[in-house]
Amino acid sequence: VMHCLRAAWMTGKTHPKEYRIHQLEALCHFLDERQADIQRALCEDLHKPCFETEFTEVLLVRNELANALNNLCCWMKDENVHKNLMTLMDCAFIRKDPYGVVLIIAPYNYPIHFTLMPLVGAIAAGNCVVLKPSELSSCTERLLAKALPCYMDPVTDPEETEKLLENKFDYIFYTGNNHVAKIVMTAAAKHLTPLTLELGGKCPCYVDRCCNFQNVANRIVWGKCVNAGQTCIAPDYVICTVEVQEKLLPCLRQAICEFFGHEPKESPDFGRMVNDAHFQRARALLESGRVAIGGETDESERYIAPTVLVDVKECDPVMQEEIFAPILPIFIVRDMEEAIDFINCRERPLAVYAFSSDSKVYCLGTAYCMWEKLDSHNPIHGGQKGRLALFSKYVYVVNRDEPTW
């Protein structure tokens with residue numbers, strides 16, 4: 001694989017604008033013509049509803065493709081830069097050259113989105129690409145391996161991830177968990193290969209006493225239950241006072257019933273865990289605290305009901321790892337200051353959600369003071385990426401002007 005790709009790269013085949021446009025348009029045709037196949041594969045892998053597949057997987061890739069095709073000419077132009085006294089007589093500009101042969105390793109939870117989104121950028125930049133979809137979402141992996149070569153320049157079947165990492169790449173783009181990220185980063189370091197790591201984390205959701213609790217519950221339940229909780233930016237846990245918990249619980253119950261009915265297991269809009277191992281891992285987390293809502297499971301279907309846990313302690317397993325399941329623990333604090341201190345003492349989250357109509361909380365969020373208070377030793381400009389979202393879920397992810405990576 002690497003020999004063929006490196007040889008193709010050396011010919012300069014991927015550099016011309018026309019070639020890049022042709023490949024991007026071919027990817028558009030794949031999404032259009034294989035829409036039914038994509039929906040079937042994701043339903044088989046994750047029991048993902050058709051609307052959810054279109055909204056969270058395909059639509060975002062379509063938008064990325066449209067953006068790339070509309071702006072490719074502009075992106076490829078040389079960029080003139082300011083000249084100083086020493087370079088006054090020179091021609092100074094930035095030329096945007098491709099990296100070369102790049103590796104994209106995608107996760108199982110959004111196998112179309114996280115495989116094709118970075119592929120769009122890699123192709124638009126003129127690179128040769130090795131795609132490694134997750135073997136856990138096996139139906140989608142087989143679809144991509146079989147169908148994509150019919151639309152784009154074909155590649156041979158990918159090797160196992162560890163064998164791929166033995167090769168020297170010019171760039172690596174990895175989305176997934178921290179454990180595999182360390183393996184990827186170690187392999188990249190051997191060749192000084194630059195890379196992007198998009199990882200998960202425990203994303204807290206602070207609920208203030210001043211808010212519309214039913215609106216808050218609706219948004220939390222949607223964010224937590226889309227893709228059966230298998231989303232890296234899903235609200236991992238709610239952090240609030242005892243008084244807020246008492247007002248929030250009935251609203252959460254109502255939201256779950258409204259979205260998925262009295263029997264979420266029978267709902268066509270609720271997904272499943274990807275495999276038995278992840279089902280067993282998630283089911284074990286139900287032993288933490290006390291089940292206030294849900295808690296039902298079915299091993300034969302890898303089903304875990306939308307569940308809310310209360311009386312959760314900091315030392316409980318559900319508070320020690322990213323949940324990645326439709327299980328929502330509520331952790332109690334005295335006030336917002338304690339909530340901020342609690343979050344600050346843990347690993348930096350991928351996202352923080354705050355719900356409040358109090359201007360104090362709003363001002364903290366909009367001024368990014370909460371981030372600085374969350375981590376005074378590593379402020380917002382220190383290089384780590386995170387997001388504070390007020391009153392919404394996932395909106396920043398679909399905003400192309402926000403720096404996602």
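This passage walks through an open sheet with two helices on it, then a helix and two strands elsewhere in a predicted model.

The model is predicted, so to speak, with ground rules attached: local features need pLDDT of at least 70, side-chain atom pairs count only at pLDDT 80 or more, and totals for chains, interfaces and linings use all residues. Numbering runs from 1 along each chain as its sequence is written, and side-chain values use heavy atoms, with hydrogens and water left out.

Start with the sheet. Four strands line up as β4-β3-β5-β6 in an open sheet with parallel pairing (strands are DSSP E runs of at least two residues and helices are H or I runs of at least four, numbered from the N terminus; two strands pair if DSSP finds at least two bridges between them). The edges are β4 (128-132) and β6 (195-198), each pairing on one side only. On average, neighbouring strands here are turned by 10 degrees against each other, direction ignored (axes are lines fitted to C-alpha atoms, for helices over the stretch in contact, and angles run from 0 to 180 degrees between N-to-C directions). Within the sheet, β3 (residues 101-105) and β5 (residues 171-175) share four bridges in the parallel sense, and Leu103 sits opposite Ile172 in β5.

Two helices pack on this sheet. Helix α1 (residues 2-10) touches β3 and β4, and its direction makes about 155 degrees with that of β4 (contact means heavy atoms within 4.5 Å). Helix α8 (residues 178-190) touches β3, β5 and β6, at about 175 degrees to the direction of β6.

Now for helix α9 (residues 213-225). Its 13 residues reach 18 Å from first C-alpha to last, close to the 18 Å expected at 1.5 Å a residue (the expected span is 1.5 Å times one less than the number of residues). Ten of the 13 are buried, so α9 is largely enclosed by the rest of the structure (buried is under 20% relative accessible area, exposed over 50%, partly exposed in between, with a 1.4 Å probe and protein chains only). Among the buried ones are Phe213, Val216, Ile220, Val221 and Cys225, alongside Gln214, Asn218 and Lys224. The buried residues of α9 pack against β7, β8 (235-240), α10 (242-260), β13 (327-332) and β14. Just past the helix, Asn227 has a positive phi of about 60 degrees.

Two of those partners also pair: β7 (residues 203-207) and β14 run parallel over three bridges, with Tyr206 opposite Ala354 in β14. Strand β14 (residues 351-355) is mostly covered, with five of its five residues buried. Ala351, Tyr353 and Phe355 point one way, Val352 and Ala354 the other.
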